[in-house]
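Thanks for asking me to look this over. Here are my notes, meant to be read with the model open beside you.

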Amino acid sequence: MRFQETKIGSVLVAKILESRISADVAPSFKHHLVDYVAKGNQIIVLDMSDVTFIDSSGLGALIASLKAMGDNGELALCGARDTVASMFKLTRMNKVFRMFSSPEEAVSALS
Amino acid sequence: MRRVQLVIDSELADVSLVAVAVNGICVHSGFDHIGASQIELCTAEAITNAIRHAYHGQRGLTVSVVVSVYTNHIQVDVCDNGKPMSSDQIERFVGGTEVAEVGRVNLASIPEGGRGLQIMRDLMDTVAYIREGDVNRLQMTKKFPIIGVD
């Protein structure tokens with residue numbers, strides 16, 4: 001999977017440069033996120049503005065990554081489109097992940 | 001009734017080919033983009049389940065998706081020739097799974113998988129599992145939105 005990474009203070013903003021997070025790419029997606037954590041990033045914002053589709057496997061990769069962050073880390077999402085946001089609401093994951101409208105809003109809230 | 005059949009190899013990377021096609025058929029048939037995306041998602045979940053659970057990830061097998069467009073609803077049948085659902089799986093499929101309250105407090109208890117069937121049950125009007133000979137058929141239907149009704 002391709003990401004565009006920007007470090008703003010202590011916050012890593014990783015923009016997902018793929019339109020689909022599905023079962024075939026979920027392991028690679030999870031690997032990237034866990035690698036961010038292993039490199040010491042404690043606050044990660046995933047910019048999902050280019051993502052038009054996420055399935056339950058993609059969601060599972062996000063949950064696994066959030067668990068890998070431990071109690072002191074933060075994995076937040078921003079820019080979710082309506083189709084993606086509705087998936088989080090359906091599965092109640094909007095109560096697990098902090099969701100922001102833009103990277104700027106996320107960085108401001110988490111810095 | 002109009003009908004199209006799409007067949008792919010049991011490759012997770014090919015699931016999106018059918019899912020995107022189903023989305024297009026749904027939009028063409030009268031669903032808005034949210035409704036079409038929901039049916040696309042359910043189709044992808046059903047195919048992924050067939051590859052993972054019926055075929056145990058084995059490649060070189062086929063998954064067939066039949067989309068039938070009726071006057072008031074659409075029907076998606078996802079078929080494979082793999083292992084049938086166990087009685088436990090059927091029970092969970094029919095009865096649904098208990099959805100625990102989720103949140104950061106009980107993060108460790110949130111499962112990382114197993115949401116596919118529940119998503120299908122939540123988003124489609126009907127979902128049925130049928131075993132016909134050596135064929136597993138997951139059949140889902142959803143009514144078209146009623147235009148002009150608030």
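The points below go through the sheet of chain A, a helix pair in chain B, the contact between the chains and the nonpolar core.

1. Before anything else, please keep in mind that this is a predicted model. Everything below is read from its coordinates as they stand.

2. Let's begin with the sheet in chain A. The order of its five strands is β1-β2-β4-β6-β7 (chain A); the sheet is open and its pairing is mixed. At the edges sit β1 (3-8) and β7 (99-100) of chain A, each with a pairing partner on one side only.

3. The β1 edge is a good place to start browsing. β1(A) and β2(A) make a hairpin with two residues between them, and in the turn A:G9 has a positive phi of about 65°. The two strands run antiparallel, with six bridges joining β1(A) to β2 (residues 11-16) of chain A. To check the register on screen, look for A:E5 with its bridge partner A:A14 in β2(A), and for A:F3 opposite A:I16 in β2(A).

4. How many of the six residues of β1(A) are buried? The count is zero, and β1(A) is hardly covered. Strand β6 (residues 74-78) of chain A is another matter: four of its five residues are buried, so β6(A) is largely enclosed by the rest of the structure.

5. β6(A) has a neighbour on either side in the strand order β1-β2-β4-β6-β7 (chain A). With strand β4 (residues 43-47) of chain A, β6(A) pairs in the parallel sense over five bridges. With β7(A), the pairing is also parallel, over two bridges. A:C78 is a handy landmark here: A:D47 stands opposite A:C78, and A:C78 in turn stands opposite A:F100 in β7(A).

6. A short word on A:K89, which belongs to helix α3 (residues 82-90) of chain A. Why is A:K89 classed as partly exposed? There are 13 other C-beta atoms within 10 Å of A:K89, while a residue counts as exposed at 12 or fewer and as buried at 20 or more. A:K89 is 14 residues from A:L75 in sequence and 17 Å from A:L75 in space, C-alpha to C-alpha.

7. Now to chain B, and a helix pair you may want to view side-on. The axes of α2 (residues 33-54) and α4 (residues 116-123) of chain B come within 9 Å and cross at roughly 150°; the crossing is left-handed. On the α2(B) side, the residues in contact include B:Q38, B:L41, B:C42 and B:E45, while α4(B) brings B:G116, B:I119, B:M120 and B:L123. By class, this contact has six nonpolar, four polar and one charged residues.

8. Where do the chains meet? In the model, 22 residues of chain B are in contact with 22 residues of chain A. On the chain B side, α1 (15-29), α2 and α4 each supply at least two residues, and α2(B) has the largest share, six residues. That side of chain B has eleven nonpolar, six polar and five charged residues.

9. Finally, the largest nonpolar core has 71 residues, and those touching the most other members are A:V45, B:C42, B:I47, B:V78 and B:M120. α2(B) gives the most to this core, with ten residues. If you pick one residue to click on, try B:C42: leaving aside residues up to four places away in sequence, B:C42 touches B:I119, B:M120, B:L123, B:M124 and B:M140.

Terms used
Residues numbered from 1 in each chain as written. Chains lettered and ligands numbered in written order. Predicted model: local features only at pLDDT ≥ 70, side-chain atom pairs only at ≥ 80, totals over all residues. Pairing = 2+ DSSP bridges. Axes fitted to C-alpha atoms, helices over the stretch in contact; angles between N-to-C directions. Left-handed = near helix turned anticlockwise from the far one by under 90°. Contact = placed C-beta atoms within 7 Å. Nonpolar A, V, L, I, M, F, W, Y, C, P; charged D, E, K, R; others polar. Core = buried A, V, L, I, M, F, W, Y, C linked by C-beta atoms within 7 Å.
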